[in-house]
Amino acid sequence: MKWVKFRVRTISEAEDIIISTLYDIGLEGAQIEDKVPLTALEKEQMFVDILPEEPEDDGIAHLNFFVEKREDGTLELQGEILDVEAVTEKVKGELEELRVFCDIGAGTVTVDETEDIDWINNWKQYFHQFYIDDILVIPSWEDVKPSDQDKLILHIDPGTAFGTGMHETTQLCIRQLRKYVTAETELLDVGTGSGILAILALMFGAKHAVGTDLDQCAVEAVAQNCEANNIPRDKFDLMIGNIITDQAVQDKAGYDRYDIVTANILADVLVPLTPVIVNQLKPGGIYITSGIIDDKEQTVKDAVEAAGLEIVEVTYQGEWVSVTARKI
């Protein structure tokens, strides 16, 4: 399968109007490349796989649109058959009309061709089975080797939710869970993503797990990963909502209920989360936090102690930190 890529150079302020305009002529699935910093809300909605420091925003943006190329070399837009040159002229014409009443920057168009784009599955080439200590983490499209049949095996597909176990923050949490999970453990996993921490806690022997997440995509990811690991659905309940600000989510999660709460989230989210989540913990319950870059360690420790929790352990992997505390 071949695709034609139309790449528009513009400015970040014009992204939305250009995408909307070009959608109207049949170009869909815009891929945006810019250096615009994440908003506070976007940061709140991210969980473990934290992006590296980006270059300073220069206001420049590139928008990529892909159209499937037919066998005869033509393209189809909204039922109309056109050649590449005609589509290019359409795009340029729309951009010139926009330029009359708004700044679109350079507004230039370049055209390229690429082959065999499988939008759903191509990312899989980058995710292969790996070990977290003695745990084999393996995606559904790979087979377990005979020599690994006796290992603790976690079948995990991230789907569109975060969490494969590859990130250091996740691994820090997993090691802490192994220390504290018992057969009576009731677990709450805030920002559960793919459900990896809760699923592993259940595999370690926990009695029951509850996960919360802001992203509706977590519902399907958790369901698939529970099924892949033979976790009965009554063992893992999932709630979509913000437990920091939503009283209904807090009430549904329950109070003084959990032996362990895990929160593998950004440090800036852990600060407002901690004084809330302390109410969900049982007396003596364990609070495992991660997602903390090393220069935020003290910030999180201060928030944990301010909430009346006792820090029992701080662990490190690379530049990441996990703070484990107990409700006194």
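**A tour of helix 3 and the helix 8–helix 9 pair**

Select helix 3 and look at the side where Glu85, Glu89, Glu97, Val100 and Phe101 are exposed (over 50% relative accessible area, with buried meaning under 20% and partly exposed in between, for a 1.4 Å probe and protein chains only). This is a predicted model, in which local features need pLDDT of at least 70 and side-chain atom pairs count only at pLDDT 80 or more, while totals for chains, interfaces and linings use all residues. Residues are numbered from 1 along each chain as its sequence is written, and side-chain values use heavy atoms, with hydrogens and water left out.

Now turn to the other side of helix 3, where Val84, Val87, Thr88, Val91, Leu95 and Leu98 are buried. Seen down the axis, these buried residues fall within an arc of 100°, so they line one face of helix 3 (the arc is that of the directions from the helix axis to the C-beta atoms). An α-helix has 3.6 residues a turn, so residues three or four places apart point the same way.

Next, select residues 267–277, which form helix 8, and residues 297–306, which form helix 9; their axes come within 9 Å and cross at roughly 5° (axes are lines fitted to C-alpha atoms over the stretch in contact, and angles run from 0 to 180 degrees between N-to-C directions). The two helices are therefore roughly parallel to each other, a term for angles under 35 degrees.

Finally, show Ala267, Leu270, Val271 and Thr274 of helix 8 with Thr299, Val300, Ala303 and Val304 of helix 9, which make the contact (heavy atoms within 4.5 Å).

Note on methods. Helices (H or I, at least four residues) and strands (E, at least two) are DSSP runs, numbered from the N terminus. Angles under 35 degrees count as roughly parallel, over 145 as roughly antiparallel, 65 to 115 as roughly perpendicular and the rest as oblique.
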